[in-house]
Amino acid sequence: MPRRTSITLAAATALLALAGCATDAPQDTWAPAGENAQRIHNLQWPIFAIAGVVLLIVSAVVVFCVIRFRDKGQPMPEQTHGKPALEILLTIIPALILVGVGIPTVSTIFELAKTDDTECVINVTGQQWWWEYDYPAQQGCGGIAEPIVTSGQLVLPVDAKVLLRLTSRDVIHSFWIPKLNGKRDTVPGRVHTLRLQADEPGIYAGQCTEFCGLSHANMKMEAVALSKADFETWKANQIAPYASPEAGTLAAAGEATFTANCSYCHQVNGLATTSPSGEVTPVLANPDEFVVSGAVPNLTHLMSRNTFAGATWDLLTEECRDRVWNAPPDQFGALYLQGVTPECLNEVDLREWLRNAPAKKPMFASDAQKAESGGKVRGMPYLALSESQIDEIIAYLLERK
Ligand SMILES: [Cu+2]
């Protein structure tokens with residue numbers, strides 16, 4: 001390799017390594033914020049140290065040999081065929097190191113797999129390219145009478161041992177919130193479990209870590225930990241009955257526009273149409289018919305979360321977002337529960353999304369791939385809405401708190 005190239009490469013590597021030291025790293029695997037992440041942390045430190053010592057010894061020996069025995073035009077040294085004592089020693093030492101590393105590793109794996117004292121169960125489903133969370137009716141999670149469905153942000157009570165049951169509707173994805181636990185693949189037709197527990201209220205960022213197609217990089221997730229009392233408020237809000245917008249408002253026009261353009265894919269619980277004779281018919285989404293994976297995000301309480309489309313874009317303006325993210329733990333819950341207020345709405349990204357979602361988050365790599373999908377979409381399609389229809393829809397969605 002030319003010398004210039006090697007120097008550039010070395011400098012780039014050093015820069016990359018330094019970049020890893022950035023302090024504001026929401027996905028820092030070295031900053032555990034819950035029980036299981038702490039267990040992993042307790043294991044990775046000593047192993048990192050042992051591996052580091054081995055690296056130093058091996059590197060030192062290599063450097064010594066390279067310098068000491070370099071070619072100075074000396075004659076060929078005497079050829080030997082092995083040294084049994086040294087070879088046995090060099091087999092036994094690594095074997096002992098591996099046993100030393102193996103014992104705590106295996107016992108940590110068993111500890112991480114423990115789920116018998118679970119206090120709360122949440123189903124997690126991955127699909128291209130967002131996560132759906134559904135909370136089945138249960139005694140756990142402080143009691144859930146009616147199932148709750150949401151997406152993007154996984155809301156959980158602080159300090160509770162929360163069991164995730166993970167699966168996928170299409171390809172293999174992988175669920176990872178580095179500060180709360182390790183990774184777990186989500187595989188179609190299988191249910192894997194992963195236990196999370198968060199020590200303090202706040203938002204914990206993560207991302208899909210199994211390459212899952214074109215928009216894999218736009219498939220993030222966030223765990224939102226709320227104090228027990230705030231979690232109760234959140235649950236009650238998620239099952240609050242639907243309220244139609246006031247007649248004559250922009251939002252009321254938005255309800256009709258939404259019903260016509262969006263509700264065949266997106267469910268809004270409680271949305272209904274009334275015929276001239278007064279007959280009320282619930283509007284039910286049928287994503288099976290239109291979307292490859294057969295499901296799309298439930299928008300009943302869209303504005304109670306503060307990100308959208310695989311937690312890739314914020315529903316909050318930067319200023320409001322920072323206020324929530326940087327709130328001290330005792331103030332975080334109240335701020336999060338405010339949801340998206342009209343002043344805090346990040347209208348720019350939401351508007352772009354409604355104008356042309358595939359331009360923001362690509363769904364087909366090629367026309368051939370599109371042809372294979374049998375006319376179904378993979379993400380949110382382009383809907384050719386007018387700007388005034390978008391105005392109405394945004395007004396309507398702002399009331400979906
Ligand atoms: Cu994925």
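Strand 6 and strand 7 form a hairpin, with 6 residues between them. This is a predicted model, and the hairpin is a good place to enter it. Strand 6 covers residues 173-176, and strand 7 covers residues 183-186. The two run antiparallel and are joined by 4 bridges. Look for one pair of partners: serine 174 stands opposite aspartate 185 in strand 7.

Now follow the side chains of strand 6. In a regular strand the side chains alternate between the two faces of the sheet. Which residues of strand 6 point one way, and which the other way? His173 and Phe175 point one way. Ser174 and Trp176 point the other way. All of these residues are buried.

Next come the sheets. Strands of a sheet pair through backbone hydrogen bonds, either parallel or antiparallel. One open sheet is formed by 5 strands, in the order 3-2-1-5-8. Its pairing is mixed. Which strands stand at the edges? They are strand 3, residues 148-151, and strand 8, residues 192-196. Each has a single partner strand, so one side of each is left without a neighbour in the sheet. Neighbouring strands here are turned by 25° against each other on average, direction ignored.

Take the pairing at the strand 3 edge. Strand 2, residues 130-135, pairs with strand 3 in the antiparallel sense over 4 bridges. Tyrosine 135 has isoleucine 148 of strand 3 as its bridge partner.

Step back along the chain to the loop between strand 1 (120-127) and strand 2, where tryptophan 129 lies. Check the backbone there. The peptide bond from glutamine 128 to tryptophan 129 is cis, with omega near -5°.

Another open sheet has 3 strands, in the order 4-10-9. Its pairing is mixed too. The edge strands are strand 4 (153-157) and strand 9 (202-207), and each pairs on one side only. From one strand to the next, the twist averages 20°. Strand 9 pairs with strand 10, residues 220-226, in the antiparallel sense over 6 bridges. To find one of the pairs, start at glutamine 207: the bridge partner in strand 10 is lysine 220.

Turn to the helices. Helix 2 spans residues 35-68, and helix 3 spans residues 84-113. They pack at an angle of about 170°, with their axes 10 Å apart. Angles over 145 degrees count as roughly antiparallel. Helix 2 and helix 3 are therefore roughly antiparallel to each other.

What makes the contact between helix 2 and helix 3? Helix 2 brings Asn36, Arg39, Leu43, Ile47, Ile50 and Val54. Helix 3 brings Ile97, Val101, Pro104, Thr105, Thr108, Glu111 and Leu112. These residues divide into 8 nonpolar, 3 polar and 2 charged.

Pick out isoleucine 47 in helix 2. Its C-alpha atom is separated from that of valine 101 by 6.6 Å. Along the chain, the two residues are 54 residues apart. Isoleucine 47 is partly exposed, with 13 other C-beta atoms within 10 Å.

A second helix pair has another geometry. Helix 8 (residues 347-355) and helix 11 (residues 387-398) pack at an angle of about 125°, with their axes 10 Å apart. Helix 8 and helix 11 are therefore oblique to each other. The crossing of helix 8 past helix 11 is right-handed. From helix 8, the contact uses Glu347, Leu350, Arg351, Leu354 and Arg355. From helix 11, it uses Ile390, Ile393 and Ile394. The residues of this contact divide into 5 nonpolar, no polar and 3 charged.

Finish in the loop between strand 13 (307-308) and strand 14 (313-314), where alanine 309 lies. Phi of alanine 309 is near 55°, a positive value in a residue other than glycine. Alanine 311 is found in the loop between strand 13 and strand 14 as well. Its phi is positive, at about 50°, although alanine 311 is not a glycine. Are these alanines buried or exposed? A residue counts as buried if 20 or more other C-beta atoms lie within 10 Å of its own. Alanine 309 has 24 other C-beta atoms within 10 Å, so it is buried. Alanine 311 is buried, with 24 other C-beta atoms within 10 Å.

Key: Residues are numbered from 1 along each chain as its sequence is written. This is a predicted model: local features need pLDDT of at least 70, side-chain atom pairs count only at pLDDT 80 or more; totals for chains, interfaces and linings use all residues. Axes are lines fitted to C-alpha atoms, for helices over the stretch in contact, and angles run from 0 to 180 degrees between N-to-C directions. Angles under 35 degrees count as roughly parallel, over 145 as roughly antiparallel, 65 to 115 as roughly perpendicular and the rest as oblique. A crossing is left-handed if the near helix is turned anticlockwise from the far one by less than a right angle, and right-handed if clockwise. Two residues are in contact if their C-beta atoms, placed from the backbone, lie within 7 Å. Ala, Val, Leu, Ile, Met, Phe, Trp, Tyr, Cys and Pro count as nonpolar, Asp, Glu, Lys and Arg as charged, and the others, Gly among them, as polar. Two strands pair if DSSP finds at least two bridges between them. A residue is buried if 20 or more other C-beta atoms lie within 10 Å of its own, exposed if 12 or fewer, and partly exposed in between; C-beta atoms are placed from the backbone.
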